[in-house]
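This report describes one protein structure, moving from selected local backbone features to the fold as a whole. The sequence and the structure are shown first.

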Amino acid sequence: MDFSSYKKGTKAIWAGEDLFSVNGSATTPVVGSVAFSYNDLDKWYDVATGNTEGFIYSRNTNPTVSVLEEKIRQLESGEAATAFATGMAAISNTLFTFLTPGKRVVSLKDTYGGTSKIFLDFLPEYNVDVKLCDTTDHEQIEAEIAKGCDLLYLETPTNPTLKIVDIRRLVEAAKKSGAIVVVDNTFATPINQNPLVLGADLVLHSATKFLCGHSDAMGGVLTGKKELVQKVFQFREINGASLQADPAYMIARGMKTLELRIERQNASALTIARYLKAHPKVTDVFYPGLETHPGHEIAKTQMKGFGGILSFSVDGGYDNVKKVLPQLKLVHLAASLGSVSTLAGPPRTTSHVELTQEQRKLLGIPEGLIRYSVGIENVDDLLGDLEQALGKM
Ligand SMILES: *Cc1c(COP(=O)(O)O)cnc(C)c1O
């Protein structure tokens, strides 16, 4: 059933659940079966050749995985969707589908670490021309797109300093060059931002983060224009980076509370960002919801809420990060984000560990930066926890 006339919180719960319900079950079960059998050989042939809908082999499609795909498709207003084993599988399969030798990709210096590695190390080996621009320099990005561009790859807000790029503006430039626009929407989630509605062709997520929401399953999803999603699906089928039914079930289950969680995380992150901004031992706070954030005006035009992630640096640099972080009681000091529980870590150890200090400096990432992914705990407890930890500095 199409839930497009309903709000996102409703879609997150209902979308896809009607497709493969068993005997009226309220959720689609985990269909662990690798293969699907047919007594009618003509029907088997029709499904295998794609003329009739159905399932053949779970590397290609699977009912439980289809439920998750349908949820994300409806939440992002896509035409089709396909799922992957991880977020990086979604990103690499998408990039390698469209960026064949001789093509040119324009992107940002601040993309997710793994994505950046594909741009810097892997794609050049396949004779793809990669141009990474200063993330917030819209004029430079437009100029590079105009020089010739097959694919424009964006991420906003970025990791870990929450830089904001203007999706509508860059989509316009990309359309003039005939480029496909792909947006990594992991940080914003479909509750806060819908790149397809802003004109992008494809949007992808690490479903490991907010979509799943509980730090207990990994996955990736891609949605957007049918013809483009279909191409990536065909690559993924053979490349084999498919999502299994078990994590698909976990992610689809987590997604039912997506709107509740994100509304809570949006509100808590803003409260915490304001608190940190006023704290004498905090030197910088990066959060697009703060009026002082350089991307705030753009963020207001394309985001419904400003998300659950912020970063801040403390007086005294990394030496003091080492003192403060272990004092926090209500955090997992870990590399992930987007969970019900608060997670924190220094980008120099987590997302940007592969870079040199000099490279981090060029990206504007202070050595004393802490990335803080706000969970759904009571915000007063989180504020109290930060207060006692910062007090020990
Ligand atoms: C985590 C993350 C990824 C990679 O996802 P995995 O599921 O870990 O492979 C990609 N993009 C962003 C923005 C992320 O935060």
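## Local backbone features

Thr189 is found in helix α8 (residues 189–192); helices here are DSSP runs of H or I with at least four residues, strands are runs of E with at least two, and both are numbered from the N terminus. The model is a predicted one, in which local features need pLDDT of at least 70 and side-chain atom pairs count only at pLDDT 80 or more, while totals for chains, interfaces and linings use all residues. Residues are numbered from 1 along each chain as its sequence is written, and side-chain values use heavy atoms, with hydrogens and water left out.

Thr189 has a phi near 70°, a positive value in a residue other than glycine. Thr189 is buried, with a relative accessible area of 1%; buried means under 20% relative accessible area, exposed over 50%, and partly exposed in between, for a 1.4 Å probe and protein chains only. Asn127 also has a positive phi, near 60°, and is not a glycine. Its setting is the loop between α5 (113–122) and β3 (129–133), and Asn127 counts as exposed at 56% relative accessibility.

Two cis peptide bonds precede prolines in the loop between β4 (151–155) and α7 (167–177).

| Peptide bond | Omega | Place of the proline |
|---|---|---|
| Thr156 to Pro157, cis | near -5° | Pro157, loop between β4 and α7 |
| Asn159 to Pro160, cis | near 0° | Pro160, loop between β4 and α7 |

Pro195 lies in the loop between α8 and β6 (202–206) and counts as buried at 0% relative accessibility. Leaving aside residues up to four places away in sequence, Pro195 touches Glu76, Ile167, Val183, Asn185, Ala200 and Val203, where contact means heavy atoms within 4.5 Å. Pro195 and Lys209 are 14 residues apart in sequence, and their C-alpha atoms are 18 Å apart in space.

## Sheet and helix packing

An open sheet of mixed pairing is formed by five strands in the order β8-β9-β12-β11-β10; two strands pair if DSSP finds at least two bridges between them. Its edge strands, each pairing on one side only, are β8 (282–286) and β10 (332–333). Within the sheet, β9 (residues 309–314) and β12 (residues 369–373) pair in the antiparallel sense over five bridges, and Ser311 stands opposite Arg371 in β12.

Helix α10 (residues 245–255) has Ala245, Ala248, Ile251, Ala252, Gly254 and Met255 as its buried residues. Their cover includes α1 (8–14), α3 (63–76) and α11 (258–277).

## The fold as a whole

The protein contains 15 helices and twelve strands. Its radius of gyration is 21 Å, close to the 21 Å that the globule rule gives for 393 residues, so the protein is as compact as a globular protein of that length; the radius is taken over C-alpha atoms, and the rule is 2.2 Å times the number of residues to the power 0.38. Along the principal axes, the C-alpha atoms fill a box of roughly 75 × 50 × 35 Å.

Of the 393 residues, 55% are buried. Among contacts between residues at least 6 apart in sequence, 73% join residues at least 24 apart. The protein exposes about 16800 Å², of which carbon and sulfur atoms supply 53%; accessible areas come from the Shrake-Rupley method with a 1.4 Å probe.
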